[in-house]
Amino acid sequence: MPGLGFLCERSQVALDFVDPDDHDTRKDRPVVGVWVLDPDMRAEAERPDMDLCHLLVIVPNDQRWAFETQACEKRFRELAAKGAAAVAFMLPSGRGVPDPARDAARRYDVPLMVGDAGIPWPEIAQVISDERVREAESRIGRLERILDPIHRTGEQRPGDRKHCTLRNVLDHLARAVDGSALLLDGRGNSLVPGPHPDSSGVDVSPSLIGHLARGELAAASIVSGRRRAHLHSVGLHLPRRILLVARDGEFTEAAGRTILQCAGLLDLVLRADEGDTRRRHLNRTTTALQTTVLKLLMSGNLRLAQDIGQSLWPGLFALRNVRVHVLEGMAQALAATATECHAAFRQSALVVRSPFRAGQLVVIAPEIPDSPGAADSADTDVTRRLQEMVANTPGLRMGTSRPRLLSDVGGALQEAHRALTAPGRADGRTVPGPGPEGDLATCVDPGAGRAWADSFFQPLDDLPTVAREGVLSTVDLAMRLSQSHAAKALGTHRNTIAARIAKVSDRLGLDLNRLADRAVLDLALRLRKLPRAPHPAHGSDGLSELLAGRTVDGWADAYLERLDEDRRELRRTLATWVACDGQVQQTARELGVHLKTVRNHLRGAEGLLGCRLLGSPVEAHDLVMALHIRKASPRLPERLTAPPARLPWAA
């Protein structure tokens, strides 16, 4: 098994002995895994039956007990008694292990190591696990070569001989000893049925089976009349498996050696299988964590997402801005791309299968500010690497958002998905985000915008803070995605989402079946994420005053200018369509044109604006606001644009 010296040689782990003399005296000390010494788990660490034998104990940064002599004495005495392989302090660069910990480690003869605090403990555990699997596979190969003559004399079976199964080993062992060979579980039941009867002809007491399964005995021999039996405990994790070999009469010396060799082979096969099982479990756990962090970011729980993901993806939470990429393709290509992304980005980006839409992969990467030489750093440029993957993978497409705040991952994901599904861009494999005009919420004065949003949501102030934030997060998510996708993100029923939306719309006096009401609510949800002004004006201005100014006018002009690429009267059609609340038939009647003409105009606008209008009113909110700002359609109702003192609920 790997030793402490092996961990010092692996650059991705970056561990080293605190005492240089330990390089020579402790480098071969075996280590089988890691255990994190968490203050919250102190009671568990002090359990008498807690087995830390050959485990590397990881001590996270800023552990106060490490500076206290008595606490260090107690901890290291317990760790030494439980057989810990070593204690590794994960500290920032330039920090040393506290003297009380050094003295206690020296007194109780516990090797002391130090590592970088930026290395997460699962990385160290994975390195140890991979090395143990490699060693196990190597030993299996050697034992298979030892057993190869047995294979040649036995019954020929199809398949590659180097991948012998448990049944193969048991069959050959039974023939070699002229008896029977069984693999039992902790209750004495046969695990590998085969052509031989499961009964060995030996009466084995349940207590002996229990001792072997719990690892209290490594091997045992029993006599039952003329039958002799050897039992060996195999496997790594409890309860262990039991190899039972029985025959009539005494075992020869050659048969004893064969039993030991086959027991070692079975032990390695079982350990490798258990390692694969643990790896699959680790992958499932990691996937669950990735999905949880994404859902927390989507629902606005930034603090909780940081608490969970900071140690696993430190690069993602190191910067304020992120860029979201959504990749779409066939299941096989998407799975291969996900594996490649995990290997390429590791801790610098969050890579997760979309829990909202099947067949999509979401990559959230930190947006690194421009710096000299950044263009040459292709290996660290997530966007460029993703573009290369898309170019080299048939059937794979990608949509990319603009840089957004980490707290606005939901908006960035919506942008990336809109870019990916925008009509008229099906020929592009890599689709950029929205146009250069940016987000309307960033064009208004932040203090005034936040004050207006707070006043807009004033009818919800009587709710408890947690309930109010939960309701608004739910509505925000449903406005960006859909009610069904919001239900998946929050792990609740769709009817619950609908009830929360109805509660908000009733209190705010909104009719969310109308485009104007939805657009104003969407803008208010975006503006409430802006920072508050040091001396807020209590939202004295209405929406009309908030949207008055050169910056906002410039945004609206840039947004609508894209329609000028089409010679048809798209602005007139869109203005009428908005006034008719997105009803195509009513729009056709108002304009006096055919229904197909309106739909053709809308499809043409979809391609120019990069958003869906037909059947997806969620993406029409910016269009509604741009037309209102440039007075290209009927103005928004007075009940939505009036100053807070004149809003319906203020009466």
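No disulfides are found in this predicted model: the count of cysteine sulfur pairs within 2.5 Å comes to 0. Two cysteines illustrate contrasting surroundings. Cys580 is buried, its relative accessible area being 5%, whereas Cys53 is partly exposed, with a value of 36%.

Across the chain, pLDDT averages 80, and 84% of the residues reach a score of at least 70. Confidence is lower in certain segments. Over residues 149–163, pLDDT remains under 50, and the model places 17 contacts there beyond four places in sequence. Residues 371–380 likewise have pLDDT under 50, with 4 contacts beyond four places in sequence. Where pLDDT is low, the predicted coordinates are not to be read in detail. The contacts listed for residues 149–163 and for residues 371–380 are accordingly reported here without further interpretation.

The secondary structure of the chain consists of 25 helices and 15 strands. Of its 651 residues, 48% count as buried. Among contacts in the chain with a separation of 6 or more, 68% are accounted for by residues 24 or more positions apart.

Two helix pairs were examined with respect to packing geometry. In one pair, helix H9, spanning residues 253–298, meets helix H13, spanning residues 409–421; their axes come within 7 Å and cross at roughly 100°. This crossing angle makes H9 roughly perpendicular to H13, because it falls in the interval from 65 to 115 degrees. On the H9 side the contact is formed by Leu294, Leu297 and Met298, and on the H13 side by Val409, Gly410 and Leu413. Classified by residue type, this contact of H9 with H13 comprises 5 nonpolar residues, 1 polar residue and no charged residues. The polar assignment belongs to Gly410, since glycine is placed in the polar class.

The other pair joins helix H21 (residues 570–579) to helix H23 (residues 595–609), with axes that come within 10 Å and cross at roughly 105°. H21 and H23 are therefore also roughly perpendicular to each other. From H21, the contact involves Leu570, Thr573, Leu574 and Trp577. From H23, the participating residues are Val598, His601, Leu602, Ala605, Leu608 and Leu609. By class, the contact of H21 with H23 contains 8 nonpolar and 2 polar residues, with no charged residues.

Several features of backbone geometry were identified in loops. The peptide bond from Leu238 to Pro239 is cis, with omega near -10°. Pro239 is located in the loop that links strand E8 (227–234) with strand E9 (241–248).

Positive phi values in residues other than glycine occur at Asp109, where phi is near 60°, and at Asp178, where phi is near 55°. Asp109 belongs to the loop between helix H5 (99–107) and strand E5 (112–116). Asp178 is situated in the loop between helix H7 (166–177) and strand E6 (180–184). The relative accessible area of Asp109 is 47%, so this residue is classed as partly exposed. Asp178, at 60%, is exposed, because its value is over the 50% limit.

Local environments were further considered for Leu79 and Pro459. Leu79 is part of helix H4, which covers residues 69–81. With a relative accessible area of 5%, Leu79 is buried. Beyond residues up to four places away in sequence, Leu79 touches Leu52, Val57, Ala84 and Val87. The C-alpha atoms of Leu79 and Asp51 are 9.6 Å apart, while the two residues are 28 positions apart in sequence.

Pro459 occupies the loop between helix H14 (446–456) and helix H15 (465–480). Despite this loop position, Pro459 counts as buried, because its relative accessibility of 16% is under the 20% limit. In sequence, Pro459 and Val504 are 45 residues apart; in space, their C-alpha atoms are separated by 8.9 Å.

Key:
Residues numbered from 1 in each chain as written. Predicted model: local features only at pLDDT ≥ 70, side-chain atom pairs only at ≥ 80, totals over all residues. Heavy atoms only, no water. Buried < 20%, exposed > 50% of the residue type's maximum accessible area, 1.4 Å probe, protein only. pLDDT = per-residue confidence, 0-100. Contact = heavy atoms within 4.5 Å. Axes fitted to C-alpha atoms, helices over the stretch in contact; angles between N-to-C directions. Helix = DSSP H or I, 4+ residues; strand = E, 2+ residues; numbered from the N terminus. Parallel < 35°, antiparallel > 145°, perpendicular 65-115°, else oblique.
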